[in-house]
Amino acid sequence: MTDPIADFLTRVRNAYLAGHKVVEIPASKMKNEITRILHEKGYILSYKIVEGTPYDTIKIALKYHPETKQAAIKKIGRISTPGLRKYAGVDELPRILNGLGIAIISTSKGIMTDKECKEQNIGGELLCYVY
């Protein structure tokens, strides 16, 4: 697998499109942090890291609107790819859906959202966007 982050995002996107309640994804430190951010910002219901024999997995409970059954995530996509890395300074950070969405950024102080990067005045590699 050349891009595990794109695989993570695609699995979440496909699970929402198929109407699944839970999706399992192979775990890594970066995927765990992205999942934590998605949970903190309310895009997923809950998550659990299951330690297994060959490898750990992340079980993510997807979030839907209770009445209309619409997915909490409208769009999720990769910004920086292994073939073309995208970096941005604190002044160049993107505003996703005019501030309603989030951009997840890998910085020297860990993985955080665009708003947290602006508060701490640091830039980094633009991993993905969610709204």
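1. A residue counts as buried when its relative accessible area is under 20%. By that cut-off Ser-80 is about as clear a case as one could ask for: its relative accessibility is 0%, so it goes down as buried. A reminder before going on: this is a predicted model. Ser-80 belongs to the loop between E4 and E5. Its side chain makes a polar contact with the side chain of Glu-125, at 2.7 Å. Beyond its neighbours within four places in sequence, Ser-80 is in contact with Arg-85, Lys-86, Glu-125, Leu-126 and Leu-127.

2. Now the overall fold. There are three helices and eight strands in the chain, and from the N terminus their order is α-β-α-β-β-β-β-β-β-α-β. With 131 residues, the globule rule gives 14 Å; the radius of gyration is 15 Å, close to that, so the chain is as compact as a globular protein of that length. The C-alpha trace spans about 40 × 40 × 25 Å along its principal axes.

3. Some whole-chain numbers to keep in mind. Of the 131 residues, 38% are buried. Take the contacts between residues at least 6 apart in sequence: 60% of these join residues at least 24 apart. The exposed area of the chain is about 7,700 Å², and 52% of it comes from carbon and sulfur atoms. On charge, I see 20 positive and 14 negative side chains, with the centres of the two sets 5 Å apart.

4. Arg-78 is the residue I'd look at next. Is it buried or exposed? Arg-78 has a relative accessibility of 19%, so it counts as buried, given that the cut-off is under 20%. Arg-78 sits in strand E4, which covers residues 76-78. Its side chain has a polar contact with the side chain of Asp-3 at 3.1 Å. In addition, a polar atom of the Arg-78 side chain lies 3.2 Å from the backbone oxygen of Leu-127. Setting aside residues up to four places away in sequence, Arg-78 touches Asp-3, Ile-5, Ala-6, Leu-9, Arg-85, Leu-127, Cys-128 and Tyr-129. Leu-127 and Arg-85 are worth a second look, as they also turn up in the contact list of Ser-80.

5. One of the partners of Arg-78 is Ile-5, so have a look at it from the other side. Ile-5 is part of helix H1 and is buried, at a relative accessible area of 6%. Apart from neighbours within four places in sequence, Ile-5 is in contact with Met-30, Lys-31, Ile-34 and Arg-78. Val-50 is another matter: it is 45 residues away from Ile-5 in sequence, and the two C-alpha atoms are 19 Å apart.

6. Arg-11 is also in helix H1, which runs over residues 4-18. What is its exposure? The relative accessible area of Arg-11 is 31%, so it is partly exposed. Its contacts, leaving out neighbours within four places in sequence, are with Val-23, Glu-24, Ile-25 and Pro-26. For a sense of scale, Arg-11 and Tyr-87 are 76 residues apart along the chain, with 25 Å between their C-alpha atoms.

7. Two asparagines deserve a check of their backbone. Most residues other than glycine have a negative phi. Asn-98 has a positive one, near 55°, and Asn-121 has a positive one too, near 60°. Where do they sit? Asn-98 is in the loop between strand E5 (87-88) and strand E6 (102-107). Asn-121 lies in the loop between helix H3 (114-120) and strand E8 (124-130). Asn-98 counts as exposed, with 62% relative accessibility, and Asn-121 is exposed as well, with a relative accessible area of 54%.

8. Last, the C-terminal end. Tyr-131 is in the segment after E8. Its relative accessibility is 24%, so Tyr-131 counts as partly exposed. Which residues does Tyr-131 contact, neighbours within four places in sequence aside? They are Tyr-43, Ile-73, Lys-74, Lys-75, Ile-96, Leu-97 and Gly-101. Ala-61 is 70 residues from Tyr-131 along the chain, and their C-alpha atoms are separated by 17 Å.

Methods: Residues are numbered from 1 along each chain as its sequence is written. This is a predicted model: local features need pLDDT of at least 70, side-chain atom pairs count only at pLDDT 80 or more; totals for chains, interfaces and linings use all residues. Side-chain values use heavy atoms; hydrogens and water are left out. Helices (H or I, at least four residues) and strands (E, at least two) are DSSP runs, numbered from the N terminus. The radius of gyration is taken over C-alpha atoms; the globule rule is 2.2 Å times the number of residues to the power 0.38. Buried means under 20% relative accessible area, exposed over 50%, partly exposed in between (1.4 Å probe, protein chains only). Contact means heavy atoms within 4.5 Å. Accessible areas come from the Shrake-Rupley method with a 1.4 Å probe; for residues, only the protein chains shown count as cover. Lys and Arg count as positive and Asp and Glu as negative; His and the chain ends are not counted. The place of a charge is taken as NZ of Lys, CZ of Arg, CG of Asp or CD of Glu. A polar contact is a pair of N or O atoms within 3.5 Å; within protein, one must be able to donate a hydrogen and the other to accept it, and residues adjacent in sequence count only if both atoms are side-chain atoms.
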